Amino acid sequence: MSLDSDIALLRGIPLFSELPTEQLRLLAFSAVRLELVADQVLFREGTKAASGFVVSSGGLQLTVGAEPDKHVVATCEIGSLIGEMALFVETKRPATATAAAASQVLEIERKVILRMLNEYPHLALRMRATLAERLNLTVTELARVRQVLVNLDRHPARRS
């Protein structure tokens, strides 16, 4: 992919969608392109995370647990951002990412994001607003799920 196509890919990610082209170019230029073959593990559950990944071709599966109790928790297609939290804070990988087919990903290191946010504080405010909005939506959805579970507990006959 060219730098312009990488910029277009990054622009399609909600977290980066409001960034000016100059900052998208910085992210695209500093990203490391990784090529994966089918069934190749990108990272393992529980390992230290210092970067995020954007799927630029192919696709990845996120799984938790080990055989025979391994479960697919997400399928990540082109344009998916994997490891978003690792872009901002030290964390561990909550799942294992494995290429479902031959794939390419762009690796974006936390230090690049943090440097960009330090140099352009107005971008930090934009990203903060985006993340806060998504967190509010998640909390609202969790409240709905909680209510459904409470109702199931109160009326066990409805479970069937």
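This report describes two sheets and a packed helix in a predicted model.

## Basis

The model is predicted, so local features need pLDDT of at least 70 and side-chain atom pairs count only at pLDDT 80 or more, while totals for chains, interfaces and linings use all residues. Residues are numbered from 1 along each chain as its sequence is written, and side-chain values use heavy atoms, with hydrogens and water left out.

## Sheet E1-E10-E4-E7

An open sheet is formed by four strands (DSSP runs of E, at least two residues, numbered from the N terminus) in the order E1-E10-E4-E7, with antiparallel pairing. Two strands pair if DSSP finds at least two bridges between them. The edges are held by E1 (32-36) and E7 (81-82); each has a single partner strand, so one side of each lacks a neighbour in the sheet.

E4 (residues 51-57) and E7 run antiparallel and are joined by two bridges. Phenylalanine 53 has isoleucine 82 in E7 as its bridge partner.

## Helix H3 on the sheet

Helix H3 (residues 110-119) packs on this sheet and touches E4 and E10 (103-109). Helices are DSSP runs of H or I with at least four residues, and contact means heavy atoms within 4.5 Å. The direction of H3 makes about 50° with that of E10. Axes are lines fitted to C-alpha atoms, for helices over the stretch in contact, and angles run from 0 to 180 degrees between N-to-C directions.

## Sheet E2-E9-E5-E6

Four strands form another open sheet, in the order E2-E9-E5-E6, also with antiparallel pairing. E2 (41-43) and E6 (71-76) are its edge strands; each has a single partner, so one side of each is left without a neighbour in the sheet. Neighbouring strands here are turned by 30° against each other on average, direction ignored.

Two bridges link E2 to E9 (residues 96-99), and the two strands run antiparallel. Alanine 97 in E9 is the bridge partner of phenylalanine 43.
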